[in-house]
Amino acid sequence: MFKKIVRGSLRGLRRMRTAGITLAVAAAAVALLALTSEGRHKGIGTYDSGKAQAFVESLQVGQRQPSGESREIGGRTWYRVAEQTGTALWLEPARGQIALENTRTGAIWLGNPGEEELAEANAKGIWATNLLSPILFRYLDEGQSNEKVTNTVDQEAKVEWVALDRGVGVLYSMDKLGFSFYVEYTVEQGELVVRLPEEGVREKGTKRLVSLELLPFFGASPNGPEGYLFVPDGPGGLIRFNRTYSSQLSSYAFPVYGYDPAVWTVGAYENRTDIAFPVFGLNRGTDSYIAVIERGAANTSILAAPAGINTAFNEVHTRITLRNYYYQPIGLGDGNWKNVYQEQLAPVEVQIRYLLTDEDKSDYVGMAQQYRRYLMTHEQVPTLREKNGAGYGQGSPPLMLNLVMSAAEPTPTGEKLVVATTFKDAAGIADVLAKAGIRNLNVSLTGWNNGGFPGRLPDRFPVEQQLGGESGLRQLREQLATMGIPLSLNDAPFYATDKRANGFSVRSEAIKNINGTTVAWSQGGDWYGDADIPDFYFLTPSAALKKWQRTLTALKRLGIEGVHVQTYSHGFGDYRADSYTTRAASLGALQDMLDEASTQLGSAQTVAAAYSVGHAEYLSGMALDSNYDLIVDEQIPFFPIAIHGLATYSSNPGNLRRNPTVEFLRDIEYGAVPTFMAMAGDTRDMARTTFASIFSGQFSLIQDQIVEQYEAYQTASADVWAGFIEGHRQVAAGVYETVYEGGRKIWVNYNSQPYEADGIVVDGLNFKVVEEGRA
């Protein structure tokens with residue numbers, strides 16, 4: 001009963017892409033299926049106020065003067081508290097400010113603007129003291145719901161510190177409000193590490209913390225020199241200095257990995273590409289830095305504002321959520337909701353690493369390469385060639401072909417199976433492409449399981465008999481093996497349906513929303529009309545992992561060589577009172593699944609995001625387009641530059657592009673491998689299934705398109721598709737250059753007219769390899 005009430009009011013409010021499948025999902029994919037008897041949920045977490053109090057009391061902090069070298073920086077007296085590998089950390093103890101010095105170049109990165117810059121900025125009101133504070137925070141007065149914004153300077157914070165190995169720990173105490181924050185600043189391998197322990201946030205009294213912002217003005221620069229802020233919008237975005245911005249323009253402020261499906265908020269309605277990698281940065285001409293949120297990323301947002309929006313400074317930083325703000329149901333009818341703040345404080349450990357770039361590598365390419373080095377050194381991500389052998393990547397790029405096999409169609413009396421491709425059909429399609437000259441084909445299957453997609457998830461077996469059953473799947477695998485074509489199966493380990501006897505219990509295995517209700521979402525959309533669409537639930541990470549082990553065992557028995565793990569979102573929390581799980585834990589469970597799949601089957605594939613790098617060789621759904629926010633001046637291939645050579649990746653399937661020519665050229669410019677989503681049957685037969693949005697997927701009709709485009713990808717990326725991207729620049733308006741290790745250069749022309757320079761002509765809406773380089 002409740003299912004139909006919710007479905008009628010919320011269906012189709014947002015569309016998301018999951019591993020190439022476009023789904024219409026309800027209100028940020030959260031449909032509340034049943035109100036529980038728990039009443040208002042407190043939003044449980046792992047925070048323990050008693051432990052936080054004990055932790056703060058155990059700190060050996062004081063207000064004594066540091067004993068190290070002192071100097072005047074920015075009009076204040078600073079003390080050197082650590083130095084390592086060409087980097088020195090300085091502390092200004094009166095306000096607890098920090099500064100980072102590149103001792104090789106003499107460049108200083110102040111945590112807050114210097115006195116001369118502040119005098120020129122002539123800031124007024126709260127922004128004048130914000131600029132002096134190493135921490136900004138928001139809180140609520142007792143019984144109030146309007147957030148107040150303040151800082152450690154206005155609140156006359158007592159600043160105490162303690163020496164640490166390679167740095168300093170600083171305690172900022174605001175006794176009048178009942179808040180304190182303990183932050184550690186250390187230098188590791190020449191990099192600044194800023195850590196806020198979970199117990200480092202203390203809240204006493206009746207006022208309630210909402211969020212805090214660490215080092216909001218680290219490296220903040222006034223207009224004058226050329227430079228830019230880097231934000232992780234889509235593949236990457238720049239907000240340039242010295243532009244005139246309207247005072248009505250909003251700052252860039254979006255959550256890392258998007259909104260949590262288990263925290264139903266107003267912002268969750270935004271139809272945008274979520275942030276997929278937790279990195280931001282700032283370039284001020286000859287030097288720059290990037291900052292990587294190493295821990296707690298799923299609880300942070302990235303904020304950026306050019307000079308003239310908030311202050312006279314260009315600044316970028318993080319905001320840490322300490323209390324969620326969400327919708328709470330108060331009745332059964334539509335619209336019976338209210339906005340509430342989470343009752344219990346819910347901080348998590350947050351750690352941010354600031355990495356300075358080399359002086360001759362300070363542009364966005366150098367910043368992306370710095371992130372690549374971070375992934376290789378700190379996350380131990382091997383290159384594709386290190387993992388697969390020195391000769392890996394020579395020759396043609398892979399073509400990732402996802403075949404839709406079958407799906408469930410709702411009917412008045414239940415569901416019926418719609419078969420799009422049999423195992424015999426799949427073998428025939430692969431044979432056609434191989435004979436057409438595609439020498440590096442990878443095939444994956446969606447809807448191979450019992451009942452098609454979604455079928456009876458999490459119960460997948462037996463293999464759907466109408467496709468050919470287990471024997472047909474084995475035969476397909478053997479046929480592909482003779483052609484040297486690897487076979488993977490697409491699987492959705494966090495999804496579950498409410499079918500009977502499918503090994504899933506809504507009561508014990510479905511995650512709970514922050515307001516205490518069970519979380520599910522509808523795959524419904526306009527094409528379904530009034531049909532009763534089956535809903536998905538999210539499996540708790542622990543339940544999903546247990547079932548995943550059994551799935552891998554079965555796939556290994558079938559001889560399957562790889563699996564593509566489909567995920568709905570960038571992780572989710574589980575607010576069960578008896579088994580609270582953080583969003584980060586669900587991402588950790590996904591990583592465990594990928595690692596197990598690689599170990600047991602040989603290959604793992606999944607969604608393109610930072611947490612997937614190093615756990616999967618192929619990443620699908622890479623965002624190669626921005627969200628077109630007015631605040632962002634320029635789109636750049638930061639994430640593609642960083643991970644090219646560590647993983648292969650693709651964007652939208654070639655037959656499902658909204659702007660076919662531009663998206664194809666973007667693939668070439670950003671180093672993506674080709675991908676297509678096809679089926680043997682007529683796509684119109686899928687009109688009332690999950691795959692209704694695939695309007696041009698019938699293989700016989702797109703066969704020539706696949707072959708023709710693959711030849712273009714081969715021209716651009718043969719021999720370099722597994723190597724590093726070493727350069728990228730704008731050659732002219734609408735013309736961009738990508739440079740690979742070895743020297744291959746490609747120009748991509750997005751203009752309708754030909755572009756000519758240096759004796760080279762690139763046709764309109766086309767690309768050209770202008771220098772082959774060496775293999």
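**Exercise 1.** In which sense do strand β36 and strand β37 pair, and over how many bridges?

*Solution.* The model is predicted, with local features needing pLDDT of at least 70, side-chain atom pairs counting only at pLDDT 80 or more, and totals for chains, interfaces and linings using all residues. Residues are numbered from 1 along each chain as its sequence is written, and side-chain values use heavy atoms, leaving out hydrogens and water.

Step 1. Strands (E, at least two residues) and helices (H or I, at least four) are DSSP runs numbered from the N terminus. Two strands pair if DSSP finds at least two bridges between them.

Step 2. β36 (residues 562-565) and β37 (residues 604-607) pair in the parallel sense, over two bridges. H564 stands opposite Q605 of β37.

**Exercise 2.** Place these strands in their sheet and state which helices pack on the sheet.

*Solution.* Step 1. The sheet is open, has eight strands with parallel pairing, and runs β40-β38-β37-β36-β32-β31-β28-β41.

Step 2. Each of the edge strands β40 (648-649) and β41 (675-678) has a single partner, so one side of each lacks a neighbour in the sheet.

Step 3. Helix α7 (residues 423-435) packs on the sheet and touches β28 (399-404) and β31 (441-446), contact meaning heavy atoms within 4.5 Å. The direction of α7 makes about 155° with that of β28; angles run from 0 to 180 degrees between N-to-C directions, along axes fitted to C-alpha atoms, for helices over the stretch in contact.

Step 4. Helix α14 (residues 699-717) also packs on the sheet, touching β28 and β41, and its direction makes about 175° with that of β41.
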